[in-house]
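Me: Could you take a close look at one part of this protein for me? I would like a connected tour of a single sheet and what surrounds it.

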Amino acid sequence: MQLKKGESIQIEITKIAFGGAGMGHHEEKVVFVENTVPGDKISATLTKIKPNFLEAKLEEIIKPSSKRIAPKCAHFNECGGCSLQYLDYKEQLNFKESQVTEALEHIGGFKNPPVEKIIGCENPWFYRNKMEFSFSMNQTDQIFLGLHPKGYRYDVFELKECYLESNDIGILVGLVQKFAREKNLKAYDYKTNTGLLRTLTVREGKRTGERLINLVTSHEEFQYEKAFIELLTENDDIKKPTSIYITKHIAKKGDKTAFKAKNIFGKPALTEELHINTKKKLSFDILPDAFFQPNTLQAELLYNQVLALGKVTKRDTVYDLFCGTGTIGLFCAHKAKSVFGVDINKNAIENAEQNAKLNEVTNASYQAGDAFEIIKNREDKPNIIIVDPPRNGLGDILCKHLLEIGAKKIVYVSCNPATLSRDLKILCENKYKLTVVQPVDMVPHTYHIETVCKLDRL
Ligand SMILES: C[S@@+](CC[C@H](N)C(=O)[O-])C[C@H]1O[C@@H](n2cnc3c(N)ncnc32)[C@H](O)[C@@H]1O
């Protein structure tokens with residue numbers, strides 16, 4: 001029978017697919033339905049009909065799965081953030097672990113890949129060290145500050161609570177929104193390049209307790225610096241910031257986008273610590289726009305895994321490719337002979353050099369540029385290579401070059417099981433053996449998965 005868009009179907013959800021949608025079957029075709037969990041019996045309306053899969057919109061949960069729980073946050077239905085909140089945390093972890101195994105089997109062609117039990121968060125709430133909230137007029141004449149609803153780029157919903165960063169975030173966002181309304185400030189409008197307020201970013205040192213607040217404005221002048229400092233520092237209901245910034249984000253068609261950050265209160269950077277073990281800590285000075293793993297406590301566990309899998313010794317020269325601000329390499333430096341870090345982002349490399357100094361690491365050096373271009377011209381041969389690429393992975397050219405270098409060990413940190421599996425297939429075709437795969441949950445309640453793998457040269 002021919003399937004039609006708009007047709008109502010009844011199915012049972014059997015698993016969660018990569019991307020977080022529930023998956024079931026209808027007339028021998030796979031159906032993806034958002035906001036469903038395995039075990040749910042549902043009715044749904046067909047929205048997309050493709051030769052090998054269908055998409056449908058949830059109409060009704062006829063019988064809820066025993067894995068379904070009540071979402072903690074009042075904004076769950078509108079917010080685009082924590083899409084897995086209705087799934088018990090243990091089940092979220094099972095889902096993530098199985099996603100890694102399946103990607104390695106189906107994309108990488110590995111039989112029985114050596115996937116370890118996923119490392120979950122001890123506390124899956126209030127784990128983020130950075131959140132960004134947006135201003136919008138929401139097509140009214142009043143300004144709003146909050147998060148974007150699912151599928152919306154410009155409008156925001158008014159945030160009352162959020163369990164990702166700190167428990168006073170709802171109050172803080174409400175205060176800044178009230179302040180903007182009292183001063184009659186307008187949200188920046190991307191289409192007309194008018195209006196003042198763009199975003200409010202709140203960074204926190206989970207180990208140090210520091211807080212940096214960055215108000216990002218347009219090219220227009222913000223005339224209320226003193227009042228803004230008073231707002232944030234004189235209210236007992238919110239944690240006092242250690243730094244406040246106003247950053248002008250100037251975007252004009254035809255011109256290069258410019259950022260002008262001004263530190264109007266407190267320290268110029270937020271200091272965060274990463275604990276390698278109970279005795280050894282590293283400190284990082286994080287500027288408002290620098291990349292830092294958003295979950296401090298899990299980053300420690302992730303980097304400790306890299307250290308354990310790399311089994312770095314004083315005889316080892318280590319490459320830290322895609323090093324960002326140097327965190328992983330600095331974790332290894334005290335055990336290694338030397339560390340060489342590469343990142344395409346110049347600011348990140350400057351930050352990495354400062355972080356090495358801050359931690360009195362003298363055996364780490366850095367270079368800004370494309371990882372492939374830089375390593376192909378180097379004469380030294382590392383015996384351990386750590387890679388932590390963005391979502392699109394290494395790609396075949398860099399994989400082939402890693403094969404030519406032939407380090408005794410590669411530790412691959414990945415935020416995308418699909419590109420990881422594709423790359424591992426190339427690396428393990430002849431020269432390397434995949435010996436350990438360790439998934440780590442860095443972002444509970446989302447479908448994102450981090451994985452650390454160890455490859456040993458054959
Ligand atoms: C997932 S982040 C890893 C950051 C770092 N390892 C950490 O844990 O904080 C990926 C990094 O790759 C960098 N990058 C992207 N493309 C690159 C390339 N072609 N060559 C070198 N670095 C690149 C980005 O600037 C970013 O810092």
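Reply: Happy to; here is a walk through the sheet, with a short look at the domains at the end. This is a predicted model, in which local features need pLDDT of at least 70 and side-chain atom pairs count only at pLDDT 80 or more, while totals for chains, interfaces and linings use all residues. Residues are numbered from 1 along each chain as its sequence is written, and side-chain values use heavy atoms, with hydrogens and water left out.

Let's begin with the overall layout. Seven strands make up an open sheet of mixed pairing, and their order is S9-S8-S7-S10-S11-S12-S13. The edges belong to strand S9 (157-158) and strand S13 (258-266); each has a single partner strand, so one side of each is left without a neighbour in the sheet. Strands here (E, at least two residues) and helices (H or I, at least four residues) are DSSP runs numbered from the N terminus, and two strands pair if DSSP finds at least two bridges between them.

Now for the S9 end of that order. S8 and S9 run antiparallel to one another, joined over two bridges; Gly-146 has Glu-158 in S9 as its bridge partner. On to the next pair: strand S7 (residues 130-136) and strand S8 (residues 144-147) are also antiparallel, over three bridges. Phe-135 faces Leu-145 in S8, and Ser-136 is bridged to Phe-144 in S8. As a reminder for reading the side chains, in a regular strand they alternate between the two faces of the sheet.

A helix covers part of this region: helix H2 (residues 169-182) packs on the sheet and touches S7, S8, S9, strand S10 (197-204) and strand S11 (211-217). Contact here means heavy atoms within 4.5 Å. The direction of H2 makes about 150° with that of S8, where axes are lines fitted to C-alpha atoms, for helices over the stretch in contact, and angles run from 0 to 180 degrees between N-to-C directions.

To place this in the chain, the division is into domain 1 (8-63), domain 2 (97-122 + 295-457) and domain 3 (130-271), with bounds from an automatic or database domain assignment. Elsewhere in the chain, the centres of domain 1 and domain 2, taken over C-alpha atoms, lie 36 Å apart. Six residues of domain 1 are in contact with six residues of domain 2.
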